[in-house]
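Biologist: I would like to learn how to read this model, one feature at a time. Could you take me through it?

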Amino acid sequence: MNSALIHNTRHDIQACAPSLPPRAGLGLKSEHFKDVLEQRPDIGFFEVHAENYMVAGGPFHHYLGLIRADYSLSLHGVGLSIGGEGPLDSEHLRRLAVLIERYQPQSFSEHLAWSSHGPVFLNDLLPLAYDVPTLQRVCDHIDQLQNHLGRTMLLENPATYLQFQRSTLDETDFIREVIQRSGCGLLLDVNNLYVSCINHQRDPQAYLQALPLHAVGEIHLAGFAEDQDSLGDRLLIDDHGAPVDREVWALYQQVLERIGPMATLIERDNQVPSLTTLLGEAAQAQALLHQAQVQP
Amino acid sequence: MSNHACFAQALLSDESICPAGLCSSNGADPASRFAVYRNNVQGSLINALAEAYPVVAQLVGQTFFNAMARLYVQDFPPHSPLLNDYGQDLADFIQGFAPAAALPYLADMARLERLRVEAYHAADAEPLPPARLLAAMNQPDRLGQLCLRLHPSLRTLHSAFAVVSLWAAHQSDAAWPAFDLHQGQHALVLRNALDVEVIAVDLGAMTFIDALRNHWPLEVAAAYALDAQASFDLGQCLGLLLAHGALIDLQPHQKA
């Protein structure tokens, strides 16, 4: 196939892709299913982890069906292992296509990470060496996924705790190259950005500057936990178990100044508080989104 | 071994191993940073098991459970990104886990809790309208040849221990009603609308239900049940199944 044909295919895929409203959204937790249906909060969208809904029936599908009828939906994968050394799991690709067909989400996203090796699923977003072979592999996998689903995906920048001696590219160069080659969008996780920058002594401003912000299709905001490495330096852990940090809010504001209003998720997966508390955090994001809108 | 193979192996091992080729920009020992990933992997999988097996965890205490689950995670990591399925054979692991031998009913409690997870996520099906069963009962000549279809979530467990009573006792802080732990019980687990129910039934009812699950027609299932327990009450058993939404269809027996 010549490159012009490939380009056209990608253009077609992008042209029919829906998008999330440029508002604040929330991760949908099963403990909040009933509260959401009773309160019908005024938020832009809900996001769910795809793997939780790869079940035959029961309450998860019951509630998501009811909630999807009234809200935009972001489907967020945590188990595809896009950076894995082996081929993508074809059964998992099929399950994703079934879910997307059923719920017609406005967005599908996955991570710049790996989580499976051979038959083993490690249930974490594991770090990649940024070198040319990895770049090729990640691009091939994203091509395969986008062709399988017939739509573009958003790729989330990772939170990482260590680096690889064999890396030859900066993370931002790697991400920019993947986005340029595959035509996927960027899910900009501002917390991940901050966590990685602190952990690897990078300047968050410079990191932000180096990212392809034109490709952002969604923003994630979350909280982190704080640890120390062997030198006693701050080691931030992306645990989704705390409110969004002040520094992350400040970076988020800068992002909005650069790119304007953008769908923004408040993520909380551990120590999940009440829906009301999470809605309060979403309202904070919504207020900043509103400011970004009214600025000239 | 490939880079990811080494990394994966170290993630599932004990504290000492750290893969080669890692570094930190500040010069910190990469092992102190790799430990975050090891904690995430093993901790998140232990948490997934604790969520799926809450009564097992209560019976042994969180510290014992976490230590047992860590060994299970290290030896039997998941083979699928669908974590709802993870730990399907934890009961067999517990059965052979010597430190838990003092609690011989623990493995059956794990089996019961596994059935609850399966029932929770099983396929949906509308319950049979009682009128359809009543109409069928008014045609006694055909009744015996009817096959009753059960809800896809329905599962059964035979235990030599009173696992249903023990499970129920752990569902609230109220004082436990007296029961004999060594009195075997037959558990019926199913999802009724959106809630998973755990019901103790007698041997006759259990035999009847298992026969229906094996697609035997009504009269054969009832004969098996009566054989197992002379006092088996068919009407009462059908009433129980109807009341819990366990019947979803009835159709004439298809002779093989």
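Biologist: To begin with, how many helices and strands does chain A have?

Modeller: Please keep in mind that this is a predicted model. In chain A you can count 10 helices and 13 strands.

Biologist: What radius of gyration would a compact globule of 296 residues have, and what does chain A have?

Modeller: The idea is to set the computed value beside the one expected from chain length. For 296 residues a compact globule would come out near 19 Å, and chain A, at 18 Å, agrees with that. Along its principal axes, the C-alpha trace spans about 50 × 45 × 45 Å.

Biologist: And what percentage of the residues in chain A is buried?

Modeller: Here we count neighbours: a residue is called buried if 20 or more other C-beta atoms lie within 10 Å of its own. By that count, 47% of the 296 residues in chain A are buried. Sequence separation adds to the picture: of the chain A contacts with a separation of 6 or more, 77% link residues 24 or more positions apart.

Biologist: Now the two chains together. How many residues does each chain bring to the contact?

Modeller: In general, the size of an interface is often given as the accessible area lost when the parts come together. Here we have residue counts instead: 39 residues from chain A and 41 residues from chain B. On the chain A side, α3 (59–68), β5 (114–117), β6 (120–126), β8 (163–164) and β12 (234–237) each supply at least two residues. β6(A) gives the most, with six residues.

Biologist: How do the residues on that side of chain A divide by class?

Modeller: The side of chain A that touches chain B has 18 nonpolar, 15 polar and six charged residues.

Biologist: Which strand of chain B is joined to β8(A), and do the two run parallel or antiparallel?

Modeller: For pairing, we look for bridges between strands. Two bridges join β8(A) to β1(B), residues 22–23, and the strands run antiparallel. In one of these strands, β1(B), L22(B) is the bridge partner of F164(A).

Biologist: Into which domains is chain B divided?

Modeller: Domain 1 covers 1–103 and domain 2 covers 105–256. Their centres, taken over C-alpha atoms, are 36 Å apart. In the contact between them, 15 residues of domain 1 meet 12 residues of domain 2.

Biologist: Which element gives the largest share on the domain 1 side?

Modeller: That is α3(B), with five residues. By class, this side of domain 1 of chain B has 11 nonpolar, four polar and no charged residues.

Conventions. Residues are numbered from 1 along each chain as its sequence is written. Chains are lettered from A and ligands numbered from 1 in the order in which they are written. This is a predicted model: local features need pLDDT of at least 70, side-chain atom pairs count only at pLDDT 80 or more; totals for chains, interfaces and linings use all residues. Domain bounds come from an automatic or database domain assignment. Two residues are in contact if their C-beta atoms, placed from the backbone, lie within 7 Å. Helices (H or I, at least four residues) and strands (E, at least two) are DSSP runs, numbered from the N terminus. Ala, Val, Leu, Ile, Met, Phe, Trp, Tyr, Cys and Pro count as nonpolar, Asp, Glu, Lys and Arg as charged, and the others, Gly among them, as polar. Two strands pair if DSSP finds at least two bridges between them. The radius of gyration is taken over C-alpha atoms; the globule rule is 2.2 Å times the number of residues to the power 0.38. A residue is buried if 20 or more other C-beta atoms lie within 10 Å of its own, exposed if 12 or fewer, and partly exposed in between; C-beta atoms are placed from the backbone.
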